[in-house]
Amino acid sequence: MKSALTLVIAPFLLASPLHAGVGTEVLIKGLERPVWAGAPASAKGKLWVMEQAGTVWIVDLETGEKSAKPFLKIDDRVTRKGNEQGLLGLAFAPDFEKSG
């Protein structure tokens with residue numbers, strides 16, 4: 001029984017966080033409450049970062065610089081009086097490469 005238990009537990013030990021190499025890296029500073037980051041499949045070297053107040057920036061991953069103008073700025077239409085309000089999600093159209 002002991003060897004069977006070892007065989008069951010061993011794969012989980014190999015996949016433990018000790019072997020995962022988890023870490024953090026600062027990509028950009030100066031954002032106000034960033035709540036989401038992502039990129040369409042067709043984008044290379046860029047990251048869209050959304051602020052809760054209603055602004056989406058495009059960040060160049062090589063330089064860490066955000067775009068001079070926001071990709072989207074709808075802060076005049078977004079309500080953010082509480083912690084769970086504001087612009088909280090973003091989805092890219094399947095044809096974003098063409099329509100973006």
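Which strand is largely enclosed by the rest of the structure? In this predicted model, the answer is strand S2, residues 46-51. Five of its six residues are buried, and the strand is therefore largely enclosed by what surrounds it. I shall begin with the overall arrangement and then return to that strand.

The protein has two helices and four strands. Read from the N terminus, the order of these elements is α-β-β-β-β-α. Of the 100 residues in the protein, 22% are buried. The accessible surface amounts to about 7800 Å², and carbon and sulfur atoms account for 58% of that area. As for contacts between residues at least 6 apart in sequence, 37% of them join residues at least 24 apart.

Let us now return to S2 and its partners. Strand S1, residues 34-38, pairs with S2 in the antiparallel sense, and four bridges connect the two. S2 is also joined to strand S3, residues 55-60, by six bridges, and here too the strands run antiparallel. S2 and S3 make up a hairpin, with three residues between them. Gly-54 lies in that turn and has a positive phi of about 120°.

One residue of S2 deserves particular attention, namely Trp-48. Gly-38 stands opposite Trp-48, while in S3 the bridge partner of Trp-48 is Ile-58. Is Trp-48 buried or exposed? Trp-48 has a relative accessible area of 5%, and so it is buried.

On the S3 side of the hairpin, I would point to Thr-55, which is found in strand S3. Thr-55 is likewise buried, with a relative accessible area of 5%. Leaving aside residues up to four places away in sequence, Thr-55 touches Val-49, Met-50, Pro-70, Leu-72, Lys-73 and Leu-87.

I turn next to the aromatic residues. How many aromatic pairs does the structure hold? There are six. I shall describe two of them. Trp-36 and Phe-92 form a tilted pair, with 6.0 Å from centre to centre and 45° between the planes. Trp-36 belongs to strand S1, whereas Phe-92 is in the loop between strand S4 (72-73) and helix H2 (96-99); the pair therefore ties together parts that are 56 residues apart in sequence. Trp-36 counts as partly exposed at 24% relative accessibility, and Phe-92 counts as partly exposed at 22%.

The second pair brings us back to Trp-48. Trp-48 and Phe-71 form an edge-to-face pair, at 6.1 Å centre to centre with 90° between the planes. Trp-48 lies in strand S2 and Phe-71 in the loop between S3 and S4, so this pair ties together parts that are 23 residues apart in sequence. Whereas Trp-48 is buried, Phe-71 is partly exposed, with a relative accessible area of 32%.

Which residues make up the aromatic cluster? Trp-36, Trp-48, Phe-71, Phe-92 and Phe-96 form one cluster. Both of the pairs I have just described have their members in this list.

Another ring takes part in an interaction with a charged side chain. Lys-66 lies over the face of Trp-57, at 3.9 Å from the ring centre.

That leads to the charged residues. Side chains of opposite charge can pair when their charged atoms come close. A search of the whole structure finds one salt bridge. It joins the side chains of Asp-75 and Lys-73, with 3.2 Å from N to O. Where do these two residues stand with respect to the surface? Asp-75 is partly exposed, with a relative accessible area of 36%. Lys-73 is partly exposed as well, with a relative accessible area of 48%. Lys-73 is also one of the residues that Thr-55 touches.

Finally, I would draw attention to the C-terminal side of the model. Glu-97 lies in helix H2. With a relative accessibility of 67%, Glu-97 counts as exposed. Glu-97 and Ala-41 are 56 residues apart in sequence, and their C-alpha atoms are 8.7 Å apart in space.

To close, I return to the opening question. Strand S2 has five of its six residues buried; S2 pairs with S1 over four bridges and is joined to S3 by six. Trp-48 of S2 forms an aromatic pair with Phe-71 and belongs to the aromatic cluster.

Key: Residues are numbered from 1 along each chain as its sequence is written. This is a predicted model: local features need pLDDT of at least 70, side-chain atom pairs count only at pLDDT 80 or more; totals for chains, interfaces and linings use all residues. Side-chain values use heavy atoms; hydrogens and water are left out. A salt bridge is a side-chain nitrogen of Lys or Arg within 4 Å of a carboxyl oxygen of Asp or Glu. Buried means under 20% relative accessible area, exposed over 50%, partly exposed in between (1.4 Å probe, protein chains only). Contact means heavy atoms within 4.5 Å. Accessible areas come from the Shrake-Rupley method with a 1.4 Å probe; for residues, only the protein chains shown count as cover. Two strands pair if DSSP finds at least two bridges between them. Rings of Phe, Tyr and Trp (its six-membered ring) pair if their centres lie within 6.5 Å; planes under 30 degrees apart count as stacked, over 60 as edge-to-face and the rest as tilted. A charge sits over a ring if NZ of Lys or CZ of Arg is within 6 Å of the ring centre and within 35 degrees of the ring normal.
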